[in-house]
Amino acid sequence: MSILERSHLAIIQEVAREGSLTAAGARLNLTQPALSHSIRKLETQLGVKIWRREGRSLVLTQAGEWLLSLANRLLPQFTLAEDRLEQFAHGERGTLRIGMECHPCYQWLLKVVSPYLERWPKVDVDVRQKFQFGGIGALFSNEIDILVTPDPLYKPGLKFTPVFDYELVLVVGPQHPLRDARYVLPDQLIGETLITYPVPPERLDIYTQFLQPAGIGPRQQKQIETTDIMLVMVSHGRGVAALPRWLVKEYASRFELYPIRLGINGIAKQIFLGYREIDEEIQYLDDFIEFAGMD
């Protein structure tokens with residue numbers, strides 16, 4: 001059983017500050033006899049004297065001075081911890097850990113995070129891309145708090161909120177023979193170099209929703225980590241890519257790019273934010289979802 005408690009440190013600090021048991025007792029809402037009893041009991045349990053009497057005054061012993069130094073360091077930390085926990089309880093402070101399963105969504109995320117941080121100055125944002133057990137596993141293992149994904153996997157305990165719609169399109173450069181086509185069919189990509197993010201084909205919509213159902217694959221797949229380099233390659237005729245139409249529009253002033261519908265009807269997608277049901281009442285998390293839906 002612990003002998004030294006927070007209340008003991010508070011007593012030592014107040015007696016040293018006030019210089020008398022009566023004044024310290026008033027500050028601690030204790031009577032003078034009760035305070036004297038607490039002091040004697042603590043000294044008995046510790047086996048060391050904390051104060052000695054000099055006339056009508058109490059003077060700290062060497063052990064008492066050490067405990068006072070400890071109290072002066074620890075008590076403010078207790079107060080700070082309680083304040084922080086209260087802020088956590090009311091959703092006023094924390095770190096929002098965002099997991100990304102959507103490479104092109106970084107540009108969109110920047111537009112959401114900037115005003116969000118202004119509104120929540122005591123909340124930090126941490127963005128993560130790699131997870132030990134995938135995005136859904138990262139939610140369940142508390143590695144992240146929100147998952148940005150175009151492919152929600154509904155599981156008990158998780159919720160997914162759609163935040164915006166987009167169309168996946170084929171992107172080609174100015175010299176590409178398909179640049180003026182209204183739409184492209186799967187067999188037209190047989191001889192192409194398809195530039196993608198470093199994601200397995202089974203998680204790329206251009207494969208799962210367009211090429212594979214037709215039993216077709218591109219001549220080559222080239223993986224590139226960053227959107228800027230990918231679009232430089234496309235604009236210089238080194239390959240084609242499948243990206244959201246909104247992203248192509250954002251880069252239109254920097255690169256000459258031509259978006260083409262995938263198939264006659266196109267490929268419609270949504271971006272979802274996934275989160276744990278038990279976290280729904282966290283105000284700063286709920287507010288981020290609202291911010292994302294407004295963008």
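The following paragraphs lead the reader through the structure shown above, from the whole chain to single residues.

This is a predicted model, in which local features need pLDDT of at least 70, side-chain atom pairs count only at pLDDT 80 or more, and totals for chains, interfaces and linings use all residues. Residues are numbered from 1 along each chain as its sequence is written, and side-chain values use heavy atoms, with hydrogens and water left out.

The chain holds 10 helices and 12 strands. Here, helices (H or I, at least four residues) and strands (E, at least two) are DSSP runs, numbered from the N terminus. The radius of gyration of the chain is 31 Å, whereas the globule rule gives 19 Å for 295 residues; the first value is well over the second, so the chain is more spread out than a compact globule. This radius is taken over C-alpha atoms, and the globule rule is 2.2 Å times the number of residues to the power 0.38. The C-alpha trace spans about 100 × 40 × 30 Å along its principal axes.

The next matter is the surface of the chain. Of its 295 residues, 45% count as buried. A residue is called buried under 20% relative accessible area, exposed over 50%, and partly exposed in between (1.4 Å probe, protein chains only). The chain exposes about 16,200 Å², and carbon and sulfur atoms supply 52% of this area. Accessible areas come from the Shrake-Rupley method with a 1.4 Å probe; for residues, only the protein chains shown count as cover. The chain also carries 32 positive and 36 negative charges, whose mean positions are 5 Å apart. Lys and Arg count as positive and Asp and Glu as negative, while His and the chain ends are not counted. The place of a charge is taken as NZ of Lys, CZ of Arg, CG of Asp or CD of Glu.

The domain assignment divides the chain into domain 1 (6-83), domain 2 (85-164 + 270-293) and domain 3 (165-269). Such bounds come from an automatic or database domain assignment. The centres of domain 2 and domain 3, taken over C-alpha atoms, are separated by 28 Å. Between these two domains, 13 residues of domain 2 are in contact with 15 residues of domain 3, where contact means heavy atoms within 4.5 Å. Among contacts in the chain between residues at least 6 apart in sequence, 72% join residues at least 24 apart.

Single residues can now be placed in this picture. Glutamate 82 is found in helix α4 (residues 62-89). At 42% relative accessibility, glutamate 82 counts as partly exposed. Its C-alpha atom lies 26 Å from that of threonine 31, and the two residues are 51 apart in sequence.

Two asparagines share a feature of the backbone. Asparagine 29, in the loop between α2 (21-28) and α3 (32-46), has a positive phi near 60° although it is a residue other than glycine. With a relative accessibility of 71%, asparagine 29 counts as exposed. Asparagine 142 has a positive phi of about 65° and is likewise not a glycine. The loop that holds asparagine 142 runs between α6 (134-140) and β5 (146-149), and this residue is partly exposed, at 39% relative accessible area.

The loop after β5, which leads to β6 (158-172), contains proline 152. Proline 152 is partly exposed, with a relative accessible area of 22%. Leaving aside neighbours within four places in sequence, proline 152 is in contact with Phe160 and Phe272. Its C-alpha atom is separated by 8.7 Å from that of isoleucine 136, a residue 16 places away along the chain.

Two further residues are buried and lie in helices. Leucine 247 belongs to helix α9 (residues 245-250) and has a relative accessible area of 0%, so it counts as buried. Not counting residues up to four places away in sequence, leucine 247 touches Pro104, Gln107, Tyr197 and Thr227. Leucine 168 is 79 residues from leucine 247 in sequence, with 9.7 Å between their C-alpha atoms. Tyrosine 284 is placed in helix α10 (residues 283-294). At 10% relative accessibility, tyrosine 284 counts as buried. From tyrosine 284 to lysine 122 the C-alpha distance is 9.9 Å, although 162 residues separate them in sequence.
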